[in-house]
Amino acid sequence: MADLFEGATGIIDEALAHADVSADTVERLKHPRSALSVSIPVRMDDGSLRTFQGYRVRYNDVRGPAKGGIRYHQDVTLDEVQTLAFWMTIKCAVVDLPYGGGKGGVTVDPKALSMSELERLSRGFIDGIADAIGPDVDVPAPDVYTNAMIMGWMMDQYSIIKRHRVPDVITGKPIALGGSLGRDTATADGGFFVTETLAPKVLDTGGRRTAAVQGFGNAGMVMAELLHAAGYTVVAVSDSQGGVHTEEGLHIPSVAKVKRESRALKGVYCEGSVCEAVDHDVISNDELLALDVDLLVPAALENAITIDTVDDVKARMIVELANGPITPEADAALFERGVVVVPDVLANAGGVTVSYFEWVQNRQGFAWTAEEVRTRLESRMTTEARRLWDFATERDISLRVAAYAQALSRIGEAVDATGHAETFQSAG
Ligand code: NAD
């Protein structure tokens, strides 16, 4: 994880050359505003007491309340949570949300807990961080291995502590508890809108456009479905067990059906209707990343494309639906070669954008229709994608550097609005 942080701060130096920000802003961004570490005692089903470690970092809140998910994973550390909170600060500014950045995590293997233990852990975590969060302070959401049900428990626990209902303290809740329509597909929807905005500028294929999607999970599967429906020929998809490929294009609705039913792509390799309908090859994930396609969508894990594999990548456009799928060295090599990389901080910001919509709806006490959510998401994603494209082409920089520069300028504007060094020098 320390590597990811180095990658992120390295790009900051590059982006600063294209952002008009004061030294005060840079100083403010070097340090998280607060980092809380809590121990969470949990009564286990067998009667024993176990203590788990949890964290909540409010990295920056100059543009608004901090915003960012809570992850449950056995490898969670304060370092990691801090890095991710910094990323959220940038991401929220890239899509111009009135938010800062935050993140939380509990060091736990959630699969080893029973449902009741998981609930007690989630409520205990909120007991621990309740003073550090709030609708105007820091608004959590789901992340790795947390979901709507857990957000529901957390909102309920926070409401118990406050002795009144506070739906806007957390987003990604079940619809019945104030969640937003469209939240479940928001990340892929956002990535798709950005792709639709930028693909005509990058791909002059005159009709047929091919795509490959690595990671057929929440984000990747919906993205593949959207691309298929929009007329892309999706030639390959993969999950942790491998991938399927055919140059004619996969029938994505059928593949998605198998995946939803069996939770694995394995079923489509050699049995069932898809197998019969489409003649396909079984490929590895490395082979998928090396396919000669117009569009490549990494939607699985970080560091999927490294300096060792980047020379094999033949795609002309890469949309980073996953967080950090390309290492900084590989990213530089792709830019050199003219491959357009749509960075994660823009490509997967649809999730946090609809989280913001959920918060707005909760504060209004008025739920929007699914269409309203999607229309507003489309408008924001296309506006920001166009803005970044123009900025990047004007300056001949990558979309990633442009995104960070844009975010830094927006954060800097807010910092400076409260006064910076020169303000105080001239006043003195
Ligand atoms: P998920 O767990 O639903 O899906 C991940 C998929 O990747 C699974 O199908 C898994 O089998 C597959 N996978 C794992 N290892 C792989 C490998 N080596 N090669 C190919 N596939 C592999 O997760 P998700 O929610 O879809 O998230 C995917 C990525 O998108 C993550 O980086 C996540 O941080 C990012 N993201 C997701 C959201 C969201 O709202 N879901 C929002 C922002 C960012």
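**Cores and ligand shell in a predicted model**

Let me begin with the interior: the largest nonpolar core has 88 residues, and those with the most contacts inside this core are Ile90, Leu227, Val237, Val297, Met317, Val342 and Leu346. Please keep in mind throughout that this is a predicted model. As a general background, nonpolar side chains in soluble globular proteins tend to be buried together.

To take one residue from that list, Leu346 touches Val94, Val95, Val194, Met381, Glu384, Ala385 and Leu388, where residues up to four places away in sequence are left out of the count. Apart from the core that holds Leu346 there lies another one, made of 26 residues, and Val42, Ile70, Val106 and Leu113 are among them.

I turn now to the ligand. Which residues are the closest to it? They are Thr187, Asn218, Ala219, Ser240 and Asn285, within a surrounding set of 19 residues. By class, this shell has seven nonpolar residues, 10 polar ones and two charged ones.

Three backbone contacts to ligand oxygen deserve a slower look. For Phe216, a backbone N or O atom lies 3.5 Å from an oxygen atom of the ligand, while for Gly217 a polar backbone atom is 3.4 Å from a ligand oxygen, and for Asn218 the corresponding distance, again from a polar backbone atom to an oxygen atom of the ligand, is 2.9 Å. The ligand taken alone exposes 830 Å², and the protein buries 70% of that area. As for the elements that give two or more residues to the shell around the ligand, these are helix 7, which spans 218–229, and strand 7, which spans 233–239.

How values were computed: Residues are numbered from 1 along each chain as its sequence is written. This is a predicted model: local features need pLDDT of at least 70, side-chain atom pairs count only at pLDDT 80 or more; totals for chains, interfaces and linings use all residues. Side-chain values use heavy atoms; hydrogens and water are left out. A nonpolar core is a set of buried Ala, Val, Leu, Ile, Met, Phe, Trp, Tyr and Cys residues joined through side-chain atoms within 4.5 Å. Buried means under 20% relative accessible area, exposed over 50%, partly exposed in between (1.4 Å probe, protein chains only). Contact means heavy atoms within 4.5 Å. A residue is near a molecule or strand if one of its heavy atoms lies within 4 Å of it. A polar contact is a pair of N or O atoms within 3.5 Å; within protein, one must be able to donate a hydrogen and the other to accept it, and residues adjacent in sequence count only if both atoms are side-chain atoms. Accessible areas come from the Shrake-Rupley method with a 1.4 Å probe; for residues, only the protein chains shown count as cover. Helices (H or I, at least four residues) and strands (E, at least two) are DSSP runs, numbered from the N terminus. Ala, Val, Leu, Ile, Met, Phe, Trp, Tyr, Cys and Pro count as nonpolar, Asp, Glu, Lys and Arg as charged, and the others, Gly among them, as polar.
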